[in-house]
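Work through these exercises with the model open beside you. Try each task before reading its solution.

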Amino acid sequence: MADRERLSAATHNSPRTWLITAALSPLAVRLIRRLLPHGDYVVACLPPHEIDHDQRSREFRELIDECKSGRKDREGWKDRIRGIRCDGNMSSCLFAVAEAVRLFNRIDILLCCRSEAVVGTVEELSATPLTQSLARMQFESMFFSQVNFIKAALPVLRKQRVGHIIALTSTCGHLGTPGLAMFSAATWGFEGYCDSLAYEVAPFNIKVTIVQPNLEVQSLTSRLIFAPQMSAYTKPSSAAPNVRTMLTNVLNSNTGTVMPDTRNRGVSASGSTGSLFYPDTEQGDVVYRYPELLPRSANLLVNETIHALIAIGGNENPPSRHIVGPDAAAAVQEKLKTVTEEMEDFIDASLSVDIYNSELKEEAKKTKKSRGKNPDARKPEARNSFTRTA
């Protein structure tokens with residue numbers, strides 16, 4: 001039980017109360033192992049389908065056993081962590097927030113970190129009612145459940161007049177990824193929501209930060225859902241990497257997560273394998289997998305992100321957006337550069353819709369010409385601000 005007198009606002013270096021929206025991933029468990037020795041308090045939300053999955057919940061259960069073990073180096077841990085079954089619907093989120101306040105008096109940091117990736121091309125996810133439901137499932141898990149947590153926590157944070165909401169997403173918030181269209185869409189949607197939210201809650205001293213690690217951090221530490229594959233998309237393409245193949249190779253490296261062939265299943269009695277709208281579709285099984293990484297590999301994968309979350313969480317002046325690691329930073333930087341250069345290349349078309357003979361046209365044309373003479377000047381202004389936050 002937390003100290004009932006701990007009512008003053010927590011500072012960045014003092015014990016803080018974290019509400020973690022999905023606490024069973026390798027990343028979340030390792031983060032909690034860093035928070036408890038610091039003296040922090042943790043409300044760990046446990047999605048029912050994950051806590052009931054032996055492989056997925058094993059590390060968290062081991063952590064709870066350690067907390068209860070009486071070990072000298074784990075002293076006090078069991079009094080500063082509370083696990084709550086929470087599926088992300090509004091009532092369960094309200095209960096989790098109420099429990100956090102009842103037990104620990106306040107919420108300092110709401111970490112929105114639930115993730116799962118639906119793998120499939122846009123056409124594969126449109127082929128049947130089943131695959132269409134996977135697209136909706138992606139938004140339920142990664143967008144609406146996290147929005148519910150935020151809505152449930154806002155009255156508490158606003159009353160405190162202090163708090164920090166962290167959205168752990170991925171570089172998919174900047175970079176569309178073939179084979180992960182719904183994952184990318186849900187990520188972009190949630191980030192847009194958080195960007196707008198930041199302006200609304202700033203007067204109440206509530207901060208909002210989007211943290212973007214590499215795509216692999218979220219996809220390889222969360223559930224993967226594979227839609228049945230269409231033969232048209234099995235052929236190798238030089239235009240884009242085959243995400244399905246890369247993720248399948250990771251899963252096939254462990255005997256417990258080997259992927260079956262989901263093609264050419266579910267053929268009807270008439271011999272048709274398609275649907276009304278997609279008669280060529282080869283129907284098969286939807287496959288669910290949790291990647292099972294070796295402890296050392298999991299540590300290497302998530303350590304940078306955990307360090308960033310601890311450094312940023314509860315900071316008095318946190319960044320609005322933080323990209324984790326040099327590879328992610330370089331990828332996002334290149335995307336921002338491309339967007340800026342394309343905008344400059346077509347600036348005439350953009351400004352031609354101005355019904356007024358604006359002076360901005362001439363100014364924009366002069367800028368374009370000057371940058372053409374000086375290639376370095378074509379680098380986007382966003383690059384400097386991005387470097388500061390990254």
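**Exercise 1. Cysteines**

How many disulfides does a search of the whole structure find? Take a disulfide as a pair of cysteine sulfur atoms within 2.5 Å.

Solution.
- Step 1. The search of the whole structure gives zero disulfides.
- Step 2. Start at Cys45. Its nearest cysteine sulfur belongs to Cys86 and is 4.6 Å away. Cys45 is in no disulfide.
- Step 3. Go on to Cys86. Here the nearest cysteine sulfur is that of Cys93, 4.3 Å away. Cys86 is in no disulfide either.
- Step 4. Check burial. Buried means under 20% relative accessible area, exposed over 50%, and partly exposed in between, with a 1.4 Å probe and protein chains only. Cys45 has a relative accessible area of 0%, so it is buried. Cys86, at 2%, also counts as buried.

A note on the source: this is a predicted model, in which local features need pLDDT of at least 70, side-chain atom pairs count only at pLDDT 80 or more, and totals for chains, interfaces and linings use all residues. Residues are numbered from 1 along each chain as its sequence is written, and side-chain values use heavy atoms, with hydrogens and water left out.

**Exercise 2. Strand 1 and its neighbors**

Which way do the residues of strand 1 point, and are they buried or exposed? Helices (H or I, at least four residues) and strands (E, at least two) are DSSP runs, numbered from the N terminus.

Solution.
- Step 1. Recall the rule. In a regular strand the side chains alternate between the two faces of the sheet.
- Step 2. Apply it to strand 1, residues 17-20. Thr17 and Leu19 point one way, Trp18 and Ile20 the other. All are buried.
- Step 3. Find the partners. Two strands pair if DSSP finds at least two bridges between them. Strand 1 pairs with strand 2 (residues 41-46) in the parallel sense, over four bridges. Strand 1 also pairs with strand 4 (residues 109-112), again parallel, over three bridges.
- Step 4. Look at Trp18. Its bridge partner in strand 2 is Val42. In strand 4, Trp18 stands opposite Ile109.

**Exercise 3. Helix 9**

Where does helix 9 bend? Use the angle between axes fitted to the seven residues ending at a residue and the seven starting there.

Solution.
- Step 1. Take the length. Helix 9 (residues 295-312) has 18 residues and reaches 25 Å from its first C-alpha to its last. The expected span is 1.5 Å times one less than the number of residues. That gives 26 Å, and the helix is close to it.
- Step 2. Locate the bend. It is about 45°, at Val302.
- Step 3. Check the buried residues of the helix. Val302 is among them, and so are Ala298 and Ile312.
- Step 4. Look just past the helix. Gly314 takes a positive phi of about 80°.

**Exercise 4. Positive phi outside glycine**

Where do Arg161 and Asn205 lie?

Solution.
- Step 1. Arg161 sits in the loop between helix 5 (129-160) and strand 6 (163-168). Its phi is positive, about 60°, although Arg161 is not a glycine.
- Step 2. Asn205 is in the loop between helix 6 (181-201) and strand 7 (206-212). Its phi is near 65°, a positive value in a residue other than glycine.
- Step 3. Compare with the accessibility cut-offs. Arg161 has 46% relative accessible area, so it is partly exposed. Asn205, at 35%, counts as partly exposed.
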